[in-house]
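Trainee: I'd like to practise reading a structure. Could we go through one together, question by question?

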Amino acid sequence: NLKMLRDHGYDNLHLASAENFELSDRFNTIVAGELIEHLSNPGMFLDTAKKHLVPGGRIVVSTPYAFSLLYLFYAFFKYPKTCQNDEHAVWFCLQTMKSLTERAGLKIDHVEMLEDYDPYDPSGTYRTFVKLISIFRPIIPARLRKNVMLFVLTPNA
């Protein structure tokens, strides 16, 4: 992927562990979309990312919501394979993310639950599930419909 990006003119690219990287730059915002659940040590990632923030900077993290209907149904029907992505190392809920951020000396400034379903996913079962969610949307509680959590984190004062 780095070669492809370089071929398209991007040259400020780095390949490193997300848990332990060292860049000479500091950033206003670090975005980690759908990353943290893949890490062996997500706390180490937050510690490292925090070191790379300018004063007043923030870290934006998104991760699947383990207790959404999508993942609850998957776990129920596919047990003991309770996660659809074999590369996931951890599952998060609001409380575990709060605990993890506090341990890293961060606070949650904003949290939002999102519906992020792909109607073009190649799985017919998944597409059927997405269609059912849209049909029954008015009667399904939002906390069960929403399958992604988005957090904006800032260092504690």
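Trainee: Which residues in H4 are buried?

Mentor: Keep in mind that this is a predicted model. To count as buried, a residue needs under 20% relative accessible area. In H4, the residues that are buried are Met-97, Leu-100 and Thr-101.

Trainee: And how much of an arc do they cover around the axis?

Mentor: An α-helix has 3.6 residues a turn, so residues three or four places apart point the same way. The buried residues of H4 are on the same side of the helix, because around the axis they cover an arc of only 95 degrees.

Trainee: What do the buried residues of H4 pack against?

Mentor: Start with the helix as a whole: H4 (residues 94-103) packs on the sheet and touches S2, S3 and S4. The face turned away from the buried side carries exposed residues, Gln-95 and Arg-103. As for the buried residues, they pack against H2, S2, S3 and S4.

Trainee: In what order do the strands of that open sheet come?

Mentor: There are four strands, and their pairing is mixed. The edges are S1 (27-33) and S3 (106-114), each of which pairs on one side only. Put together, the order is S1-S2-S4-S3.

Trainee: Which residue in S2 stands opposite Val-31?

Mentor: S1 and S2 (residues 53-64) run parallel, and six bridges join them. Opposite Val-31 you'll find Val-60.

Trainee: Is Thr-48 buried or exposed?

Mentor: You can place Thr-48 in H2 (residues 42-51). Leaving aside neighbours within four places in sequence, Thr-48 is in contact with Glu-19, Asn-20 and Phe-21. Its relative accessible area is 5%, and the cut-off is under 20%, so Thr-48 is buried.

Trainee: How far apart are N and O where Glu-102 and Lys-98 meet?

Mentor: Side chains of opposite charge can pair when their charged atoms come close. Glu-102 and Lys-98 are four residues apart in H4, so about one helical turn separates them. Their side chains meet in a salt bridge, and the N to O distance is 2.7 Å.

Trainee: Which residue forms a salt bridge with Asp-7?

Mentor: Look in H1 (residues 2-7), where the two partners are four residues apart, about one helical turn. Both of them are exposed. Their closest N and O atoms are 3.0 Å apart, and the partner of Asp-7 is Lys-3.

Trainee: How many salt bridges does a search of the whole structure find?

Mentor: You've just met two pairs, Glu-102 with Lys-98 and Asp-7 with Lys-3. Another joins Arg-26 to Glu-22. For the whole structure, the search finds six.

Technical notes. Residues numbered from 1 in each chain as written. Predicted model: local features only at pLDDT ≥ 70, side-chain atom pairs only at ≥ 80, totals over all residues. Heavy atoms only, no water. Helix = DSSP H or I, 4+ residues; strand = E, 2+ residues; numbered from the N terminus. Buried < 20%, exposed > 50% of the residue type's maximum accessible area, 1.4 Å probe, protein only. Contact = heavy atoms within 4.5 Å. Pairing = 2+ DSSP bridges. Axes fitted to C-alpha atoms, helices over the stretch in contact; angles between N-to-C directions. Arc of directions from axis to C-beta. Salt bridge = Lys/Arg side-chain N within 4 Å of Asp/Glu carboxyl O.
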